[in-house]
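Please look through the sequence and the model below before reading on. The paragraphs that follow move from single side chains to the chain as a whole and then to its pockets.

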Amino acid sequence: LVASLCSLIWLLIVWNINLTPNSYPLKLVLCLGMLAILPIVYWFAKYEKQIPKRIGNTLALFGKYSLEIYIFHRFMTSTCNLESVGNYILSTKSWTIELVLVMIVALAMACASVCLAKCLSINKILALLLFGKYENLK
């Protein structure tokens, strides 16, 4: 229920913001993307007890390191040459292949971000400066 209300508010905000003069396609993509998330959230909420423990632990790990993933994902996308990868993915002309390849690239970047965050969090000062984690700084 809370996710539905939040997504409805998101849809209303996105649809009413004037991003650019011809922002209708962008608004449509953002709204459809949010609508695609709702069934996924519903599925996880309904079948929470049936999800294998290993998958649940992996998802919890990504949730635990979500800030670090966001931070490093931004730098990885701007520094890596993903334009050629994107051109290749778009050249396949198959939605299924595009979805699988995009998910593989995103998952690889998320795993690399978690590994990098764990390595940098060993140094307590870096953990404080980069991620705001100061509980172990004494």
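## A walk through the predicted model

Phenylalanine 72 is buried, since its relative accessible area is 9% and the limit for a buried residue is under 20%. The coordinates discussed here belong to a predicted model, and this residue is a convenient place to enter it. Phenylalanine 131 is likewise buried, with a relative accessible area of 7%. These two side chains lead to the aromatic pairs, of which the count comes to one. The ring centres of phenylalanine 72 and phenylalanine 131 lie 5.8 Å apart and their planes stand at 80 degrees, so the pair is edge-to-face, the cut-off for that class being over 60 degrees. The pair links distant parts of the chain, because phenylalanine 72 belongs to helix 4 and phenylalanine 131 to helix 7 (residues 124-131), with their positions 59 residues apart in the numbering.

Phenylalanine 131 also appears among the contacts of a charged residue, glutamate 68, which touches Ser113, Ala117, Phe131 and Lys133 when residues up to four places away in sequence are not counted. Which element holds glutamate 68? Glutamate 68 lies in helix 4, and with a relative accessible area of 1% glutamate 68 is buried.

From glutamate 68 the contacts lead to serine 113, a residue of helix 6. Is serine 113 buried or exposed? Serine 113 has a relative accessible area of 0% and is therefore buried. Leaving aside neighbours within four places in sequence, serine 113 is in contact with Glu68, Ile69, Phe72, His73 and Met76, so that phenylalanine 72 of the aromatic pair is met again here. Serine 113 and tyrosine 70 are 43 residues apart in sequence, while their C-alpha atoms are 8.4 Å apart in space.

Tyrosine 70 lies in helix 4, and at 62% relative accessibility tyrosine 70 counts as exposed, the threshold for that class being over 50%. The C-alpha atoms of tyrosine 70 and alanine 110 are separated by 8.6 Å, although the two residues are 40 residues apart along the chain.

Valine 114 also has its place in helix 6, and valine 114 is buried, with a relative accessible area of 4%. Apart from neighbours within four places in sequence, valine 114 is in contact with Leu61, Phe62, Tyr65 and Ile69. Ile69 is thus a contact of valine 114 and also a contact of serine 113. The C-alpha atoms of valine 114 and leucine 67, which are 47 residues apart along the chain, are separated by 9.8 Å.

These local views can now be set within the whole chain. The protein chain has seven helices and zero strands, and from the N terminus on its elements run α-α-α-α-α-α-α. Buried residues make up 17% of the 138 residues. Of the contacts with a separation of 6 or more, 51% are accounted for by residues 24 or more positions apart.

The confidence of the prediction should be kept in view throughout. The mean pLDDT of the protein chain is 77, and 79% of its residues reach 70 or more. Among the elements, helix 6 has the highest mean pLDDT, at 85, and helix 1 (residues 2-16) the lowest, at 70. Where pLDDT is low, the predicted coordinates should not be read in detail.

The pockets come last. The largest pocket has a volume of about 330 Å³, and its lining consists of Phe62, Ser66, Ile69, Tyr70, His73, Met103, Ala106, Leu107 and Ala110. The elements that give two or more residues to this lining are helix 4 (66-79) and helix 6 (95-120). By class, the lining of the largest pocket has seven nonpolar, two polar and no charged residues.

The second largest pocket has a volume of about 250 Å³. Its lining includes Leu82, Val85, Ile89, Trp95, Glu98 and Met103, and Met103 is also found in the lining of the largest pocket. Helix 5 (82-91) and helix 6 each supply at least two residues of the lining of the second largest pocket. Which helix gives the most to the lining of the second largest pocket? Helix 6 does, with six residues. By class, this second lining has nine nonpolar, one polar and one charged residues.

Methods. Residues are numbered from 1 along each chain as its sequence is written. Side-chain values use heavy atoms; hydrogens and water are left out. On a 1 Å grid over the protein atoms alone, a cavity is a set of points where a 1.4 Å probe fits but cannot get out, and a pocket is an open set with protein on both sides within 12 Å along at least five of seven lines; lining residues have an atom within 4 Å of a point. Grid points are joined across faces, edges and corners, and a volume is the space filled by probe spheres set on the points. Helices (H or I, at least four residues) and strands (E, at least two) are DSSP runs, numbered from the N terminus. Rings of Phe, Tyr and Trp (its six-membered ring) pair if their centres lie within 6.5 Å; planes under 30 degrees apart count as stacked, over 60 as edge-to-face and the rest as tilted. Buried means under 20% relative accessible area, exposed over 50%, partly exposed in between (1.4 Å probe, protein chains only). pLDDT is the predictor's confidence in each residue, from 0 to 100. Contact means heavy atoms within 4.5 Å.
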